[in-house]
Amino acid sequence: MTTEQSLSGKVVLVTGASRGIGYAAAREAGKRGAHVIAVARTVGGLEELDDEIQAMGGSTTLVPLDLGDGDGIDRLGAAIFERWGHLDGLIGNAGLLGTLTPVPHIAPDEFEKVMTLNVTANYRLLRSVDLLLRQAEAGRAVFVSSSSARSAKPYWGLYAASKAALEALVKSYASEVSATNVKANIFYPGAVRTAMRAKAMPGEDPDTLPRPEAVAPKLVDMVSQSFAQTRMLFDFARGELSAL
Ligand SMILES: NC(=O)c1ccc[n+]([C@@H]2O[C@H](COP(=O)([O-])OP(=O)(O)OC[C@H]3O[C@@H](n4cnc5c(N)ncnc54)[C@H](OP(=O)(O)O)[C@@H]3O)[C@@H](O)[C@H]2O)c1
């Protein structure tokens, strides 16, 4: 993969685009010429993104949406259909860590919240845009997960379970669309300097971690037409592509 793949004329949807990895990925996609559909709840973050992409000569559609709103996700798919009739790229990045705590101590409402964003919202997105990805010349979906899905360390159970569920969902979906032009993959960013990482590791010096802009190009490569593999996992920290 290179950092040079053009997305000129492509329509790319990025969730969690108001800050962190999603913001950097949306900016990168805009820089490469995509029309970016940017989804998150924080309007200020989305507007800042819009300013940056416009300053580079690009364009966005801002979608302030709580991804817990499944009907809202359905409406988003319908709106994309009306305007473009297809979707070239989906970057399912929005995620929630929850509280790091022993499994029996996880609060029921927090379990719901993390599963809703990390799993259910991505299922609802695929349900909403599947036909739009199939309508594209080369539909690409990539979802941001974490090595926690496999390491399932003590106190990380909720987050790990949600990412493991996401990966299973994407793996099945990738197999289901294998006879089409759609490819679906998983991306592990590794430890990145974001608000989520600071919450997970409050004692860590953020200056020792890569910035979101450092991982974004590889993530965005995975929605380019030239990324032709499917049911794969790209681990940024290891620089490795392997079967999901
Ligand atoms: N940072 C790391 O070290 C690291 C490592 C491994 C994996 N990851 C994964 O990378 C992805 C991005 O993480 P990050 O570190 O960039 O996190 P972050 O800085 O906390 O950003 C999370 C993004 O998700 C959005 N979001 C949260 N709840 C939402 C909701 N209900 N509806 C819509 N959007 C919502 C947030 O926007 P609003 O609050 O504006 O809605 C924000 O844009 C996540 O999937 C995370 O699990 C991160």
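A residue is near a molecule when its C-beta atom, placed from the backbone, lies within 6 Å of it. The model toured here is predicted: local features need pLDDT of at least 70, side-chain atom pairs count only at pLDDT 80 or more, and totals for chains, interfaces and linings use all residues. Residues are numbered from 1 along each chain as its sequence is written.

**The ligand**

Select the ligand and the residues around it. The shell holds 28 residues, and the closest are Gly16, Gly20, Arg41, Thr42 and Gly95. Colour next by element: helix H1 (20-31) and helix H7 (195-200) are the elements that give two or more residues to this shell. By class, the residues around the ligand divide into 13 nonpolar, 11 polar and four charged; here Ala, Val, Leu, Ile, Met, Phe, Trp, Tyr, Cys and Pro count as nonpolar, Asp, Glu, Lys and Arg as charged, and the others, Gly among them, as polar.

**H1 and H2**

Keep H1 selected and add helix H2 (residues 43-55). The two pack at an angle of about 25 degrees, with their axes 10 Å apart; axes are lines fitted to C-alpha atoms, for helices over the stretch in contact, and angles run from 0 to 180 degrees between N-to-C directions. H1 is therefore roughly parallel to H2, a term for angles under 35 degrees. Their crossing is right-handed, meaning that the near helix is turned clockwise from the far one by less than a right angle. To display the contact, select Tyr23, Ala26, Arg27 and Gly30 of H1 together with Gly45, Leu49, Glu52 and Ile53 of H2; residues are in contact if their C-beta atoms, placed from the backbone, lie within 7 Å. This contact has four nonpolar, two polar and two charged residues.

**H3 and H4**

Move now to helix H3 (residues 70-83) and helix H4 (residues 108-135), whose axes are 9 Å apart at an angle of about 20 degrees. H3 and H4 are therefore roughly parallel to each other, and their crossing is right-handed. From H3, select Gly70, Ile73, Asp74, Leu76, Gly77, Ile80 and Phe81; from H4, Ala121, Arg124, Leu125, Ser128, Val129 and Leu132 complete the contact. Eight of these residues are nonpolar, three polar and two charged.

**The whole chain**

Finally, show the full chain, which has eight helices and eight strands; these are DSSP runs numbered from the N terminus, helices (H or I) of at least four residues and strands (E) of at least two. The radius of gyration is 17 Å, close to the 18 Å that the globule rule gives for 244 residues, so the chain is as compact as a globular protein of that length. That radius is taken over C-alpha atoms, and the rule is 2.2 Å times the number of residues to the power 0.38.

Definitions and conventions
Angles under 35 degrees count as roughly parallel, over 145 as roughly antiparallel, 65 to 115 as roughly perpendicular and the rest as oblique. Two residues are in contact if their C-beta atoms, placed from the backbone, lie within 7 Å.
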